[in-house]
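Please open the model in your viewer and keep the sequence panel beside it. The stops below can be taken in order, with a selection to make at each one.

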Amino acid sequence: MLFPEGVAIDGVTGAVTPATGRYVKKLSALRDLYAAPPMVDAFIAEHGDVDAYEVIEYRPDGSDICFGTTIMAPGKIGDEYFLTRGHYHARADRGEVYYTQSGEGLLLLHSRSGEVRVVEMRTGVCAFIPPDWAHRSVNTGGTPLVFVWTCATDAGHDYGEVAARGMRQRAVERNGRPAVVANPNYAD
Ligand code: PA5
Ligand code: NI
């Protein structure tokens, strides 16, 4: 039987207490997602293989819903901001909510039929991610980007499509400001 519980979420550190799981993504594991993978190698040679982001989750066994936090380090590879892998959900009928707690970022999305959208990520903005939209977060600020996510436990992650084709959009710095540009390498 499942029992109710209060879970503390620190909006600055992203700590989830109690948590049921967590993982860290090293920058090296994201190398080929960037426009310029050799610049990832150069970054790592200079700064080390940094923790690009961490995901902490509260996913009780047998529950239909789950939530957690993502904590993204600030940084850029050339002019491209630090990013998450990006994915569709394995189930095409499962959406998600991202509620930004601190930091600044952009949520890049595209639909199966090729529509693109960007949702600003800043404190207090709750982003609605409809079912079957690919989504990737980028940290455009100088501090960690921390957001709470929640979705159905059976939503699942399909990373293959985005890994193979890329996202349709990239978030880059232009004249000192974040800009979203079409990804010329997107494999249509
Ligand atoms: O389910 C989600 O959309 C998030 O919890 C992401 O998994 C998280 O932000 C990390 O991104 P990704 O799974 O694309 O690496
Ligand atoms: Ni998702």
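What follows is a tour of a predicted model, going from the metal site to the ligand, a helix, a strand and some loops.

**The nickel ion**

Begin by selecting the nickel ion, ligand 2, and ask which protein atoms serve as its donors. They are NE2 of His87, NE2 of His89, an OE atom of Glu96 and NE2 of His135, and these lie 2.1 to 2.2 Å from the ion. If you then turn to the sequence, you will find the donor residues spaced as H-x1-H-x6-E-x38-H. Select His89 and His135 as a pair, since they link distant parts of the chain: His89 sits in the loop between strand E7 (80–81) and strand E8 (96–102), while His135 belongs to strand E12 (residues 133–139), 46 residues apart. Both His89 and His135 are buried.

**Ligand 1**

Next select ligand 1, which has 15 residues around it, the closest being Tyr53, Arg85, Glu96, Tyr98 and Tyr159. Glu96 is thus listed here and also among the nickel donors. Display the side chains of Arg85, His87 and His135 in turn: an N or O atom of the Arg85 side chain is 2.8 Å from an oxygen atom of ligand 1, for the side chain of His87 the corresponding distance to a ligand oxygen is 2.9 Å, and for that of His135 it is 3.3 Å. On its own, ligand 1 has 370 Å² of accessible area, and the protein covers 98% of this.

**Helix H1**

Now move to helix H1, residues 37–47, and colour Pro37, Val40 and Phe43, which are buried. Why do they belong to the same side of H1? They cover an arc of only 100° around the axis, and therefore they are placed on the same side of the helix. As background, an α-helix has 3.6 residues a turn, so residues three or four places apart point the same way. Turning to the other side of H1, you will meet Pro38, Ala45 and Glu46, which are exposed. Strand E6 (76–77) is included in what covers the buried residues of H1. Just after the helix, select Gly48, whose phi is positive at about 90°.

**Thr100 in strand E8**

Select Thr100, which is placed in strand E8, and ask whether it is buried or exposed. Thr100 counts as buried because its relative accessibility is 2%, under the 20% cut-off for that word. Leaving aside residues up to four places away in sequence, Thr100 touches Met121, Arg122, Thr123, Gly124, Val125, Leu145, Val146 and Phe147.

**Stops in the loops**

Continue with Pro18, in the loop between strand E2 (16–17) and strand E3 (21–26), where a cis peptide bond joins Thr17 and Pro18 with omega at about 0°.

Gly114 lies in the loop between strand E9 (104–111) and strand E10 (116–122), and with a relative accessible area of 24% it is partly exposed. Select Asp188 together with Gly114: their C-alpha atoms are separated by 9.2 Å, although the two residues are 74 residues apart along the chain.

Asp132, in the loop between strand E11 (126–129) and E12, has a positive phi of about 65° although it is not a glycine.

Finish at Asn175, in the loop between strand E14 (169–174) and strand E15 (177–182). Asn175 is not a glycine either, yet its phi is positive at about 50°, and its relative accessible area of 82% makes it exposed.

Terms used: Residues numbered from 1 in each chain as written. Chains lettered and ligands numbered in written order. Predicted model: local features only at pLDDT ≥ 70, side-chain atom pairs only at ≥ 80, totals over all residues. Heavy atoms only, no water. Donors = N, O, S within 2.8 Å, 3.2 Å for Na, K, Ca; no water. Helix = DSSP H or I, 4+ residues; strand = E, 2+ residues; numbered from the N terminus. Buried < 20%, exposed > 50% of the residue type's maximum accessible area, 1.4 Å probe, protein only. Arc of directions from axis to C-beta. Contact = heavy atoms within 4.5 Å. Near = heavy atom within 4 Å. Polar contact = N/O pair within 3.5 Å; in protein donor to acceptor, adjacent residues only side chain to side chain. Areas by Shrake-Rupley, 256 points an atom, 1.4 Å probe, with all protein chains shown as cover.
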